[in-house]
Amino acid sequence: MIPDKITKAFNEQIMHEFYSSYLYLSMAAWFETEGHEGMGRYMRVQAIEEMSHAMKFFDHILERGGEPELLAIEKPQVKWDSPLAAFENALAHEQFISGLINDLMTLSIAENDHASRTMLQYFVDEQVEEEDTASKSVYRVKMVGDGGQGLLMLDREFGSRVFKIPPTPVLGTEAE
Ligand code: MG
């Protein structure tokens, strides 16, 4: 049985992961409106990945006899000053999420809930990767600056991203 405190905290995390998905989908809409199709596609993939994060928490609660409760999702920002501003926002957001994951880990240690700890370890590792990827994106966008040619090339590169099914598939999805 999952402790009540953990269920409550995980339900909040489900909301944060869905908000992440919303934020990246909003960025995708903005990028594509601005003609940066590749960056838009990149953010669409990121939005799907965030949904899969939410589902991991959702499934974990259910598997342990708890009840997932979906909370209200805030409206995300809809416009950014530049592609760089959007990627900087994504990095800041991932740093915020890492803080939340750390707090969840601290809580599961305090509650002596080993099942949560094992599950959260995936997210601790995932956040190291998310922050690394986001800061590399910021760096690359910064490097090309406002130069049309460089930005076009970078846009094409961002557009090559595909969604990879996570190693532990989300229930209801199947690896090919
Ligand atoms: Mg996430």
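Helices, as counted here, are DSSP runs of H or I at least four residues long, numbered from the N terminus. By that rule α1 is followed by Gly35, a residue whose phi is positive, near 90°. The model described here is predicted.

**Overall build**

The chain contains 5 helices and 0 strands, and along the sequence the elements follow the pattern α-α-α-α-α. A compact globule of 176 residues would have a radius of gyration near 16 Å, and the chain has 17 Å, so the two agree. Along the principal axes, the C-alpha atoms fill a box of roughly 55 × 35 × 25 Å. Of the 176 residues, 45% are buried. Among contacts with a separation of 6 or more, 80% join residues 24 or more positions apart. The accessible surface of the chain comes to about 9900 Å², and carbon and sulfur atoms account for 55% of that area.

**Helix lengths and the turns after them**

Two of the helices can be checked against a rise of 1.5 Å a residue. α1 has 30 residues and reaches 44 Å from its first C-alpha to its last, close to the expected 44 Å. α3 has 28 residues and should span 40 Å at that rise; its end C-alpha atoms are 41 Å apart, which agrees.

Gly35 has its counterpart in Asn112, just after α3, where phi is also positive, about 55°. Here the positive value occurs in a residue other than glycine. Asn112 sits in the loop between α3 and α4. With 56% relative accessibility, Asn112 counts as exposed, because the threshold for that class is over 50%.

**Nonpolar cores**

In soluble globular proteins, nonpolar side chains tend to be buried together. The largest nonpolar core in this model has 22 residues, and the members that touch the most others are Met27, Phe31, Met43, Phe87 and Phe158. At least two residues of this core come from each of α1 (4-33), α2 (37-63), α3 (83-110), α4 (114-144) and α5 (148-158). The largest share, 7 residues, is supplied by α1.

What does Met43 contact, leaving aside its neighbours within four places in sequence? The partners are Tyr24, Met27, Ala28, Phe31, Phe87 and Ala90. A second, separate core holds 16 residues, including Phe57, Ile61, Ile97 and Met119.

Another methionine, Met15, lies in helix α1. Its C-alpha atom is separated from that of Met43 by 19 Å, the two residues being 28 apart along the chain. Beyond its neighbours within four places in sequence, Met15 is in contact with Leu71 and Ala72. Since buried means under 20% relative accessible area, Met15 at 19% falls within that class.

**The magnesium ion**

The protein donors of the magnesium ion are Glu17 (OE), Glu50 (OE) and His53 (ND1), at 2.1 to 2.2 Å from the ion. Their spacing in sequence is E-x32-E-x2-H. Glu17 in helix α1 and Glu50 in helix α2 are 33 residues apart, and this pair links distant parts of the chain. His53 is placed in helix α2. Not counting residues up to four places away in sequence, His53 touches Glu17, Phe123, Glu126 and Glu130; one of these, Glu17, is itself a donor of the ion.

**A buried glutamine**

Gln13 is found in helix α1. Outside the residues within four places in sequence, Gln13 is in contact with Phe57, Ile97, Leu100, Ile101 and Leu104. Among these partners, Phe57 and Ile97 belong to the second core. Gln13 is buried, with a relative accessible area of 2%.

The table collects the accessibilities of the residues discussed one by one.

| Residue | Relative accessibility | Class |
|---|---|---|
| Gln13 | 2% | buried |
| Met15 | 19% | buried |
| Glu17 | 1% | buried |
| Glu50 | 2% | buried |
| His53 | 1% | buried |
| Asn112 | 56% | exposed |

For the donors of the magnesium ion, the table rows can be read as follows: Glu17 counts as buried at 1% relative accessibility, Glu50 at 2% and His53 at 1%.

Terms used
Residues numbered from 1 in each chain as written. Predicted model: local features only at pLDDT ≥ 70, side-chain atom pairs only at ≥ 80, totals over all residues. Heavy atoms only, no water. Core = buried A, V, L, I, M, F, W, Y, C linked by side-chain atoms within 4.5 Å. Buried < 20%, exposed > 50% of the residue type's maximum accessible area, 1.4 Å probe, protein only. Contact = heavy atoms within 4.5 Å. Expected span 1.5 Å × (residues − 1). Donors = N, O, S within 2.8 Å, 3.2 Å for Na, K, Ca; no water. Rg over C-alpha atoms; globule rule 2.2 N^0.38 Å. Areas by Shrake-Rupley, 256 points an atom, 1.4 Å probe, with all protein chains shown as cover.
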